[in-house]
Amino acid sequence: MPDEDTSSAGKKPGWLRKLPFLIILAAAVLGAFLLRDQISFEALARHREALIAYRDANYGLTILGFIAIYFGIVALSLPGGTVATLTGGFLFGLFPGVLFNVIGAGTGAVAVFLAARSGFGASVSARIAAAGGVAARLQTGLRENEWSVLFLMRIVPAVPFVLANLIPAFVGTSLTRFAVSTFLGIIPGALVFTSVGSGLGEVFARGETPDLGIIFTPAVLGPILGLAALAALPMVLRIIKRAR
């Protein structure tokens, strides 16, 4: 069932409803070229002492500024989400760093979802349903297994974060389900990368770069795949029931 806010959004002129998503699209394209070197691990290494000094002098403002920047990176689909997560761990430790990372990334993802759904989501969803065929069957399957698919897209690291924000908007996912699955589903990955970020002080001291491949080690990937299997269980049981 669509959320109540879609009815009010439908009363706006078409160009006005599409404007936020078009701004995000333009920002993503420009950011990919202009900010690639500005939001990077190398930039974090260069400015680490200044960041630490500012955090120590203005802890509350640093928290607000960090969450706002992380929100902007995700909401505008800019490059640097992983670096932002590492920075959260570097500045605030595993906890409360993981909390700030989840807030920034989660609220930014909800903003992208709302912009995409308001601008093009309803029309794309309707066209898929009207066209029929494989795409319509896939849409129906996604809706029937919505919770499982949403959690899988967040938990399994193979799905790009941007696509996990856009696909639900284009198939008619409700805001409540998207928000709940996003905030809960990104916690495992956020814990891993925030933990890596919390140890960046030693990495900087050695002049090295962090090993982001840690997420694919058995000790980390095993529990994540276990969560993915748990999320997929209702979908699997539904398929088995139909087969019988």
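Here are five short exercises on this predicted model, each with a worked solution.

Residues are numbered from 1 along each chain as its sequence is written. In this predicted model, local features need pLDDT of at least 70 and side-chain atom pairs count only at pLDDT 80 or more, while totals for chains, interfaces and linings use all residues, and side-chain values use heavy atoms, with hydrogens and water left out.

**Exercise 1. Describe the overall make-up of the protein.**

Step 1. Count the elements. The protein has 13 helices and zero strands. Both are DSSP runs, numbered from the N terminus: helices are H or I with at least four residues, strands are E with at least two.

Step 2. Check burial. Of the 244 residues, 41% are buried. Buried means under 20% relative accessible area, exposed over 50%, and partly exposed in between (1.4 Å probe, protein chains only).

Step 3. Look at contacts, meaning heavy atoms within 4.5 Å. Among contacts between residues at least 6 apart in sequence, 79% join residues at least 24 apart.

**Exercise 2. Test the length of helix α4 and list its buried residues.**

Step 1. Work out the expected span, which is 1.5 Å times one less than the number of residues. For the 17 residues of α4 this gives 24 Å. The end C-alpha atoms are 24 Å apart, so the two values agree.

Step 2. List the buried residues of α4. They are Thr62, Ile63, Phe66, Ile67, Tyr70, Gly72, Ile73, Val74 and Ala75.

Step 3. Recall the helix rule. An α-helix has 3.6 residues a turn, so residues three or four places apart point the same way.

Step 4. Step past the helix. Just after α4, serine 77 takes a positive phi of about 55°.

**Exercise 3. Place asparagine 165 and find its partners.**

Step 1. Locate asparagine 165. It is in helix α9 (residues 161-170).

Step 2. Judge its burial. Asparagine 165 counts as buried because its relative accessibility is 1%.

Step 3. Find its contacts. Leaving aside neighbours within four places in sequence, asparagine 165 touches Val74, Ala109, Val112, Phe113, Arg154 and Phe178.

Step 4. Pick out the polar contact. The side chains of asparagine 165 and arginine 154 are joined by one of 2.6 Å. A polar contact is a pair of N or O atoms within 3.5 Å; within protein, one must be able to donate a hydrogen and the other to accept it, and residues adjacent in sequence count only if both atoms are side-chain atoms.

**Exercise 4. Describe the largest pocket.**

Step 1. Give its volume: about 730 Å³.

Step 2. Inspect the lining. It holds 32 residues, of which Tyr70, Gly81, Thr82, Phe161 and Phe193 lie nearest the centre.

Step 3. Name the elements. Those giving two or more residues are α4 (59-75), α5 (81-92), α6 (94-131), α8, α9 and α11 (187-198). The most, four residues, come from α11.

Step 4. Sort by class. The lining has 22 nonpolar, nine polar and one charged residues.

**Exercise 5. Classify glycine 226 and relate it to isoleucine 155.**

Step 1. Locate glycine 226. It sits in helix α13 (residues 218-243).

Step 2. Classify its exposure. Glycine 226 is partly exposed because its relative accessible area is 39%.

Step 3. Compare sequence and space. Glycine 226 and isoleucine 155 are 71 residues apart along the chain, and their C-alpha atoms are separated by 9.9 Å.

How values were computed:
On a 1 Å grid over the protein atoms alone, a cavity is a set of points where a 1.4 Å probe fits but cannot get out, and a pocket is an open set with protein on both sides within 12 Å along at least five of seven lines; lining residues have an atom within 4 Å of a point. Grid points are joined across faces, edges and corners, and a volume is the space filled by probe spheres set on the points. Ala, Val, Leu, Ile, Met, Phe, Trp, Tyr, Cys and Pro count as nonpolar, Asp, Glu, Lys and Arg as charged, and the others, Gly among them, as polar.
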